[in-house]
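Dear colleague,

I am passing a structure on to you, together with some notes that may help as you look through it for the first time. Please open it alongside this message and read the two together.

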Amino acid sequence: MNAPAPEKLRRIGLIGDIHCEDQLLEIALRFLGESQVELICAVGDIVDGPGNANRAIELLRRNHVLTVLGNHERWLFAGEMRGLPDANSRFDLDAASWEFLPDLPARRTLETVRGRALLCHGLGDDDMAGVWPDETPLQIHANLQLWRLVQSRNFEFILNGHTHYRMVRTFDNLTVINAGTLYRKHNPCFCIIDFEAGAVQFYSPGFDERVVEAELYHLPLFSRPLATE
């Protein structure tokens, strides 16, 4: 995992909202490290949860995980929403964590063999936006952040989290791949995105260190051809 990522990514690991679940994060990272992925990404919301925030951050650092900020990091920086269950205070984080978190961007762009992907927490610059699996057509139609991204045609994929629901769903030219969450009460999962094969395989990790195959989704075929060597 220390080698530089190729110019056009073919296969990556994607981890959803972590919420201090350092034990499940370690299990997911170990599995992904043995799965021949070229890059591991995380969608933010590292803090505010039942585990150890500092250890979770150290695991991200040590494993060179490409990470973006979530709304819970933003709230922590601003001292907001600290009355939430399992919320971290500024004093819970050590110096290494404070060195890591403020340098994280809100979004990152990835080039894949199947088109450009945006790694973010919510939808683009809005870390509170998202697409939920049970939304009605009217709610989808009113999702301005989603349709701005669709209409921009800058990306083929959004790799996000925030909702805690694993999901692969396509809107016109844009496919949203939601990594779900590692939070123990919300059906924890992570996934491998194989852009070359056109598939997203989800996995369910357990505190017994077992990792079980879960849902498999197929990516749509876009007009853009796969990149060649």
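Does Asp 172 count as buried or exposed, and at what relative accessibility? Asp 172 counts as exposed, because its relative accessibility is 59% and the cut-off for that class is over 50%. Please keep in mind throughout that this is a predicted model.

Asp 172 sits in the loop between E7 and strand E8 (174-179), and its phi is positive, at about 55°, although the residue is not a glycine. A second non-glycine residue with a positive phi is Glu 209, where the angle is about 75°. Glu 209 belongs to the loop between E10 and strand E11 (211-218), and with a relative accessibility of 52% it counts as exposed. A positive phi is also found at Gly 79, which comes just after H3 and takes a value of about 70°.

The helix before that glycine, H3 (residues 71-78), has several buried residues, namely Asn 71, His 72, Glu 73, Trp 75 and Leu 76. The buried residues of H3 pack against helix H4 (95-100).

Turning to the aromatic rings, the structure holds seven aromatic pairs. One of them is formed by Phe 31 and Tyr 203, whose ring centres are 4.7 Å apart and whose planes stand at 55° to each other, which makes the pair tilted. Because Phe 31 lies in helix H1 (residues 22-33) and Tyr 203 in strand E10 (residues 199-205), this pair ties together parts of the chain that are 172 residues apart in sequence. The two partners fall into separate accessibility classes: Phe 31 is partly exposed, with a relative accessible area of 23%, whereas Tyr 203 counts as buried at 10% relative accessibility. Ring pairs also bring in Phe 190, so that Phe 31, Phe 190 and Tyr 203 are linked into a cluster.

Another ring pair joins Trp 147 and Phe 171, and here the planes stand at 80° with the centres 6.2 Å apart, so the pair is edge-to-face. This pair, too, links distant parts of the chain, since Trp 147 is in helix H6 (residues 144-152) and Phe 171 is in strand E7 (residues 166-171), 24 residues apart. Trp 147 counts as partly exposed, at 25% relative accessibility, while Phe 171 counts as buried, at 6%.

Helix H1, which carries Phe 31, also packs with helix H2 (residues 53-62), at an angle of about 15° and with the axes 9 Å apart. Because angles under 35 degrees count as roughly parallel, H1 is roughly parallel to H2. The crossing of these two helices is left-handed. On the H1 side the contact is made by Asp 22, Gln 23, Leu 25, Glu 26 and Leu 29, and these meet Arg 55, Ala 56, Leu 59 and Leu 60 in H2. Sorted by class, the contact of H1 with H2 comprises five nonpolar, one polar and three charged residues.

If you have time for a single part of the model, you might begin with H1, where Phe 31 pairs with Tyr 203 of strand E10 and where residues such as Leu 25 and Leu 29 meet H2.

With best wishes

Technical notes
Residues numbered from 1 in each chain as written. Predicted model: local features only at pLDDT ≥ 70, side-chain atom pairs only at ≥ 80, totals over all residues. Heavy atoms only, no water. Phe/Tyr/Trp six-rings, centres within 6.5 Å; stacked < 30°, edge-to-face > 60°. Helix = DSSP H or I, 4+ residues; strand = E, 2+ residues; numbered from the N terminus. Buried < 20%, exposed > 50% of the residue type's maximum accessible area, 1.4 Å probe, protein only. Axes fitted to C-alpha atoms, helices over the stretch in contact; angles between N-to-C directions. Parallel < 35°, antiparallel > 145°, perpendicular 65-115°, else oblique. Left-handed = near helix turned anticlockwise from the far one by under 90°. Contact = heavy atoms within 4.5 Å. Nonpolar A, V, L, I, M, F, W, Y, C, P; charged D, E, K, R; others polar.
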